[in-house]
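The following exercises are to be worked with the sequence and the coordinates at hand. Each task is followed by a solution in steps.

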Amino acid sequence: MPNASSWSASSPLLLLWEDSSGTRIFLSLLYAVLAISGTLSNVMVIYLVFSFKKLQTTSNAFIVNGCAADLSVCALWMPQEAVLGLLPPNSSSLRSAEYRLLRGGLLGLGLTVSLASHLLVAFNRYVLITKLPSVYQALYQRRHTGCMIGLSWALALLPVPLLPGLWTLGSAQSDGSSRYSALLLALAVLGQTALLLHCYLGIVRRVRGSAKRVSVLNFHLLHQLPFPAAPPPPRRAQRRLSSVSVLLLCCVFLLGTQPLVWVSLLGFFLRPAPPALQAASWLLLCSLSALNPLLYTWRSEEFRRAARSVLPRSEGPAAAPRPAAAA
């Protein structure tokens, strides 16, 4: 049986670096559940936006962009991890450098575009709430929106070759390139998180400071915010509920991203974290790909109404036939 270092160098990215078949089977089942749920939810959001004109907004264009990126993780990468976790540790598929590069590229591309889409959605909503309508209309023309989406994919292609270095993160055989790849990843996620929090906390300050400012904006895009759509509660309760909704979204995002950031920084400056902690931090980050569609649509009445119109409804018991009238 391979030792710990050889297992860490050849195992799939999120599998624990040990010879426990029970652990590998558990993680494989977890990947399978995330893959199925994430694929269905992302495809559903994309279908609803393309099928209903009311949902075809600038903010939803960025959400669809994130869903497309998340499909790279949920529909293409996670199923492979679920299958590879059931293979023996000395399988040739685990040791193939080309196959590892392919899986690392899918994961890197999907996560990078997904994180960029989070930031694009946050900045879009920040401009909508805190700036004048003329500024929003000038910035988010159709051409500019398309350029932003294209740029997110173009930038995501740059760090893809660096991702395979993270496969040996924390192992005894890891070299300097993997440590610097981990540092680059941590700094990129940390910077993106700081910008996202700045946008959403700016929205919270504006909403709490001036609920009237939000209520007079005649933008149907406001229904895509994680705020209650209708009926509107009293002003004080609306400000409180709006703040809680935004903070809840930020907390879920921080829970999914920050463990990997600090595990990577710990491994670069001090010593590698335990393999279980590294695997858990990666798993939290990848699970965001399955949760993202719910994060951005669960408070939207437009999305709920569109989903109810396409999902099959269970019909109640048939009504009893009415007796024929007497002649």
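**Exercise 1. Overall architecture**

In what order do the elements of the protein run from the N terminus on?

Solution. The model is a predicted one. Read from the N terminus, the elements run α-α-α-α-α-α-α-α-α-α-α-α. The count agrees with this order: the protein has 12 helices and zero strands. As for burial, 49% of the 327 residues count as buried.

**Exercise 2. Annotated spans**

Determine the helix content of residues 100-123 and of residues 182-203.

Solution. Both spans appear in the "transmembrane region" annotation of the unreviewed UniProt entry, which also lists, among others, residues 25-50 and 62-80. In the model, residues 100-123 are 100% helix and 0% strand, with end C-alpha atoms 34 Å apart. Residues 182-203 are likewise 100% helix and 0% strand, and their end C-alpha atoms lie 32 Å apart.

**Exercise 3. Helix H7**

Compare the span of helix H7 with its expected value, and locate its buried residues.

Solution. Helix H7 comprises the 15 residues 142-156; at 1.5 Å a residue it should span 21 Å, and the 22 Å between its end C-alpha atoms agrees with this. Next, the buried residues in H7 are Thr145, Met148, Ser152 and Ala156. Because they cover an arc of only 65° around the axis, they lie on the same side of H7. On the other side, Arg143 and Cys147 are exposed.

**Exercise 4. A surface patch**

Which residues form a nonpolar patch on the surface?

Solution. The patch consists of Ile25, Leu29 and Leu86, which together have about 300 Å² of accessible area. Isoleucine 25 belongs to helix H2, residues 21-51. With 40% relative accessibility, isoleucine 25 counts as partly exposed.

**Exercise 5. Salt bridges in helix H12**

Trace the salt bridges that join residues into one network.

Solution. Side chains of opposite charge can pair when their charged atoms come close. The whole structure holds four salt bridges.

1. Arginine 304 pairs with glutamate 301, with 2.7 Å between the closest N and O atoms. The two are three residues apart in helix H12 (residues 301-310), so about one helical turn separates them.
2. Glutamate 301 also forms a salt bridge with arginine 305, at 3.8 Å; these residues are four apart in H12.
3. Glutamate 301 is buried, since its relative accessible area of 19% falls under the 20% cut-off. Arginine 305, at 41%, is partly exposed.
4. Arginine 305 meets glutamate 302 in a further salt bridge, 3.4 Å from N to O. Through shared partners, Glu301, Glu302, Arg304, Arg305 and Arg308 are joined into one network.

Conventions:
Residues numbered from 1 in each chain as written. Predicted model: local features only at pLDDT ≥ 70, side-chain atom pairs only at ≥ 80, totals over all residues. Heavy atoms only, no water. Expected span 1.5 Å × (residues − 1). Buried < 20%, exposed > 50% of the residue type's maximum accessible area, 1.4 Å probe, protein only. Arc of directions from axis to C-beta. UniProt positions renumbered as here; feature names shortened; annotations may be inferred. Patch = residues over 30% accessible without salt bridge, like charges linked within 9 Å, V, L, I, M, F, W, Y side chains within 5 Å. Areas by Shrake-Rupley, 256 points an atom, 1.4 Å probe, with all protein chains shown as cover. Salt bridge = Lys/Arg side-chain N within 4 Å of Asp/Glu carboxyl O.
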